[in-house]
Amino acid sequence: MRLDKFVNKKELRIKVKNLLDEKSEYISNNHEKLSLNLVHLIQDIVSTKFNGCDLTIGGYSPIQKEPIWFRSFKGTEGNFSLVHMHEEIKLSFHPIEFEELVAKKEKLSLSEKLLEKKVSPDLILIPGLAFTRKLERLGRGKAYYDSFLKSYKGIKIGLFFDLQEVEDVYSENHDEKLDYIVTNKEIIRGI
C-alpha cells in the first residue's frame, strides 16, 4: 500500500494507523533490526561528535505500534532518560536506569520519585506516524515534540518502520525537521 497520495495530515494519519494495524506481524518482526540500526548510529555519533564520551539519550515509551527502540541495547553504555508528557503540551526528560527499561519491556512509565529529577539529553529519540526522505515527520497531532524541538539544541533522531515512508507529510511552519531517521532497513542522515 502506498501512502503518498493523500490530501492532508488528518487523512494521512488515519491511513498510517490502519496500515500499522494491518502490519502487526511485520512490525513485531522488525523491532530488533530497527533497534540495532539505532545502536550503530549512536555508536557512530559517540565516536565522531562526542569523542567517545558517554551521552544522555532521551527515549520514549512505545505506544500503538511505535518502535521498541531499546530492544538491542543490552550491554550498551550510556545514560538513559525517559520523556514525560505534561498536560500543558510540554515535554521533560528524567533519568532512568537501563535495567528498568529492560524490565518494563514495552510499558515504560516514570514514578513520582523519578519525575523529581530532570535532565537535558544530548540526543532524543522521536516516534511518529510517517516520515519523508527530507527528514520530515508526521506526529500524532498534539505538537508535543514540535513545541519542544523549537528550542532543543541536541541531536534529533526519528524512529520509524520502513513502511511508514511517504512522499509528503504536509509540513507546516511549526513542524520541525529531524537530524536522522532510523528504520528497520536503513539510517537516513541529514547532518
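Is Leu20 buried or exposed, judged by its relative accessibility? I would like to start with that residue, and I should say at once that what we are looking at is a predicted model. Leu20 sits in helix α1, and because its relative accessibility comes to 3%, where buried means under 20%, Leu20 counts as buried.

Let us stay with Leu20 for a moment and look at its surroundings. If we set aside residues up to four places away in sequence, Leu20 touches Ile27, Lys65, Leu129, Leu163 and Gln164. There is also a long-range relation to point out, since Leu20 and Phe161 are 141 residues apart in sequence, and yet their C-alpha atoms are 9.4 Å apart in space.

Another pairing of this kind begins in the segment before α1, which is where Asn8 is found. The C-alpha atoms of Asn8 and Asp168 are separated by 9.3 Å, although the two residues are 160 residues apart along the chain. Asn8 has a relative accessibility of 32%, and therefore it counts as partly exposed, a class that lies between the 20% limit for buried and the 50% limit for exposed. The side chain of Asn8 also has a polar atom that lies 3.1 Å from the backbone nitrogen of Lys10.

Asp168 comes up again when we turn to Thr132, a residue of the loop between β5 and β6. Leaving out neighbours within four places in sequence, Thr132 is in contact with Val166, Glu167, Asp168, Val169 and Ile181. Thr132 has a relative accessibility of 1%, so it counts as buried.

In that loop between β5 (130-131) and β6 (137-138) we also find Leu135, and here I would ask you to look at the backbone. As a general background, most residues other than glycine have a negative phi. Leu135, however, has a positive phi of about 65°, and it is not a glycine. Its relative accessibility is 9%, so Leu135 is counted as buried. Tyr170, in the loop between β7 (155-159) and β8 (180-182), likewise has a positive phi, in this case of about 60°, without being a glycine.

Moving on along the chain, which backbone nitrogen does the side chain of Asn184 reach? It is that of Asp162, at a distance of 2.8 Å. Asn184 lies in the loop between β8 and β9 (187-189), and because its relative accessible area is 6%, Asn184 is classed as buried. Not counting residues up to four places away in sequence, the residues that Asn184 touches include Tyr26, Asn30, Lys33 and Leu34, and also Phe160, Phe161 and Asp162. You may remember Phe161 as the residue whose C-alpha atom is 9.4 Å from that of Leu20.

Next, the aromatic rings. How many aromatic pairs does a search of the whole structure find? The search finds seven. One of these is formed by Trp69 and Phe73, an edge-to-face pair with 5.6 Å from centre to centre and 90° between the planes. Phe73 also pairs with Phe80, and because their planes stand at 70°, with the ring centres 5.9 Å apart, that pair is edge-to-face as well. Together, Trp69, Phe70, Phe73 and Phe80 form one aromatic cluster. Trp69 and Phe73 are both buried; for Phe73 the relative accessibility is 1%, so the residue falls under the 20% limit. Phe80, at 4% relative accessibility, therefore counts as buried too.

My last topic is the largest pocket, which has a volume of about 600 Å³. The elements that give two or more residues to its lining are α1, β2 (79-86), β6 and α6 (144-149). Of these, β2 gives the most, with four residues. The lining is made up of 28 residues, and those nearest the centre of the pocket are Ile63, Met85, Arg140, Tyr144 and Tyr145. Sorted by class, the lining has twelve nonpolar, seven polar and nine charged residues.

To close, let me return to helix α1, where we began: it holds the buried Leu20, and α1 is also among the elements that give two or more residues to the lining of the largest pocket. Thank you for listening.

Note on methods:
Residues numbered from 1 in each chain as written. Predicted model: local features only at pLDDT ≥ 70, side-chain atom pairs only at ≥ 80, totals over all residues. Heavy atoms only, no water. Buried < 20%, exposed > 50% of the residue type's maximum accessible area, 1.4 Å probe, protein only. Polar contact = N/O pair within 3.5 Å; in protein donor to acceptor, adjacent residues only side chain to side chain. 1 Å grid on protein atoms, 1.4 Å probe; cavity = no way out; pocket = protein on both sides within 12 Å on 5 of 7 lines; lining within 4 Å. Points joined across faces, edges and corners; volume = space filled by probe spheres on them. Nonpolar A, V, L, I, M, F, W, Y, C, P; charged D, E, K, R; others polar. Phe/Tyr/Trp six-rings, centres within 6.5 Å; stacked < 30°, edge-to-face > 60°. Contact = heavy atoms within 4.5 Å.
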